[in-house]
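Visitor: I would like a close look at a single part of this molecule, namely the pairs of side chains with opposite charge. Could you take me through them slowly, as you would for someone in a first year of study?

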Amino acid sequence: MKVSSIAKILASDLILQEVTIKGWIRTFRSNRFIALNDGSTIKNIQCVVDFENTDESLLKRMTTGAAVSIKGTLVESLGKGQSVEVQVTDIKILGDSNPDEYPIQPKKHSMEFLRENAHLRVRTNTFSAVMRMRSALSFAVHQYFRDHGFYHVHTPIITGSDAEGAGEMFRVSTLAPKEPLLKEDGTIDFTQDFFGKETNLTVSGQLEAEAYAMALGKVYTFGPTFRAENSNTTRHLAEFWMIEPEVAFCELDGNMDLAEDFIKSVLTYVLEHCKNDLEFLDQRYAKEESQKPQAQRSSMGLLEKLHFVVDHTFKRVSYTEAIDILKNSKPNKKKKFQFPISEWGADLQSEHERYLVEKYFKCPVILFDYPASIKAFYMRLNDDGKTVRAMDVLFPGIGEIAGGSQREERLEVLKEKIKAIGLDEKELWWYLDLRKFGTAVHSGFGLGFERLVQFATGMANIRDTIPFPRTPQNAEF
Ligand code: 4AD
Ligand code: MG
């Protein structure tokens, strides 16, 4: 008899047939009813044990968390809560789980407790649903780009360039930490290091993706990204995954069209393919929201939010327009913003982004044409000489979910910008080559995968959207 997954059994008509299932016991009650889960679906299958003919010592080992192999007949269930159940004929304990020690008991645990047990938390309904959604979203990302003529490029994880010019990087080195070789001026001699130069974990695959877009036309990277910023927020990780498409011969408008179509497409995919998990997460979200004070509650349920994004056109607003709206907004006038907006040129904080999305426009917003001074060097300078062709996609509850730009394709302008921020153009020689040989208009953006998972699952904290989160002071597992 072949082992079947619970998902397959529940989707098929195997009534009165013999099935074999392997999984983990969620609960065992009345010495009779096992709720079994094998990870293939959020749904458990009820397995009914003939306890009168079962060894007492075996019954004792049927504890929460134990791995079992169950053979039995699938029958229609008379009980509430399930349409079918398994009448067990044979049960084998594959791996015991001591109930006095197993941390994941069938009760509500705090998210903090579950983070401390990240190796086991995926055995809960919530985390198994989130991680199945994460997997489905990842698949949808690749499918979208494949369907739209993009090539997948694996950009390096160890790099010698600081793509964002932000300096928040993790160094990669094999120098002995206690006695790095010093040069005469007291600085570290990186020529003695593994790569013969200073190297870091990448903060973005964009620069290398640009090189590939200049030959393959439409490319994307989807890989791990690292930021050593000390932001202990619900939206930041030190290690996260970023999706970065890059398109030759594409201007900013085309880039906005791509971002909007892409996001809608992957969300549509999970709405269609993750119904059971979404139904569970929708109910969970409603419960979580109901425990918040009225004023902080979301006006929409999770499913409603997903449909809302898929069904509505994202509002496109220039930075200048947005500043006007924010300057004249109630929270700004009443000094409710932690960072008050007083003049053009101010960097937008998450509180401002969320005001625009949640209170003012009440839909996803794409802000564009930001001041050059607050954006990265590679963004294309507008004719006004002070704004760049940047865009940020802002989402309810999340703030910035994606950021990108049309790239500066003019060699001289780019050189000027590199000089202005104090970078050495020699370090970026290969990036400048792209502007020397067959330069062309091109654009792209980066979307934080965990922020997408966060939006799609309704999880309040980004740490609960990645299996083993890395954050300041935390790299267990
Ligand atoms: O806005 P960012 O910094 O843009 C770039 O890195 C560009 N090179 C992208 C490009 O044009 N190809 O980051 C892009 C996105 C953000 O919008 C956010 O969703 C996510 O990456 N992100 C983070 N997600 C989790 N934790 C962090 N610390 C993040 N920092 C950025
Ligand atoms: Mg950004």
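Guide: A salt bridge, as the term is used here, is a side-chain nitrogen of Lys or Arg that lies within 4 Å of a carboxyl oxygen of Asp or Glu. Side chains of opposite charge can pair when their charged atoms come close. Please keep in mind that this is a predicted model, in which the count by this rule comes to 22 salt bridges.

Let us begin with Glu260 and Arg316, whose side chains meet in a salt bridge with an N to O distance of 3.2 Å. This pair links distant parts of the chain, since Glu260 belongs to helix H6 (residues 252–273) while Arg316 belongs to strand S12 (residues 315–318), and the two are 56 residues apart. A residue counts as buried when its relative accessible area is under 20% and as exposed when that area is over 50%, with partly exposed in between. Glu260, at 7% relative accessibility, therefore counts as buried, whereas Arg316, with a relative accessible area of 30%, is partly exposed.

A second pair can be found within one helix, where Glu358 forms a salt bridge with Arg354 and the closest N and O atoms are 2.9 Å apart. Both residues lie in helix H11 (residues 350–361), and they are 4 residues apart, which is about one turn of the helix. Glu358 counts as partly exposed at 28% relative accessibility, and Arg354 is partly exposed as well, with a relative accessible area of 32%.

The third pair joins the side chains of Arg380 and Glu409, which meet in a salt bridge at 2.8 Å, N to O. Arg380 lies in the loop between strand S13 (365–371) and strand S14 (387–395), and Glu409 lies in the loop between S15 and helix H12 (411–420), so this pair ties together parts that are 29 residues apart in sequence. Arg380 is buried, with a relative accessible area of 15%, and Glu409 is buried too, with a relative accessible area of 10%. Elsewhere, salt bridges that share partners join Glu112, Arg115, Arg121 and Asp464 into one network.

Charged side chains also appear around ligand 1, where the residues of the shell divide into 8 nonpolar, 8 polar and 8 charged. An N or O atom in the side chain of Arg227 is 2.9 Å from an oxygen atom of ligand 1, and a polar side-chain atom of Arg407 likewise lies 2.9 Å from an oxygen atom of this ligand.

Technical notes. Residues are numbered from 1 along each chain as its sequence is written. Chains are lettered from A and ligands numbered from 1 in the order in which they are written. This is a predicted model: local features need pLDDT of at least 70, side-chain atom pairs count only at pLDDT 80 or more; totals for chains, interfaces and linings use all residues. Side-chain values use heavy atoms; hydrogens and water are left out. A polar contact is a pair of N or O atoms within 3.5 Å; within protein, one must be able to donate a hydrogen and the other to accept it, and residues adjacent in sequence count only if both atoms are side-chain atoms. Ala, Val, Leu, Ile, Met, Phe, Trp, Tyr, Cys and Pro count as nonpolar, Asp, Glu, Lys and Arg as charged, and the others, Gly among them, as polar. Buried means under 20% relative accessible area, exposed over 50%, partly exposed in between (1.4 Å probe, protein chains only).
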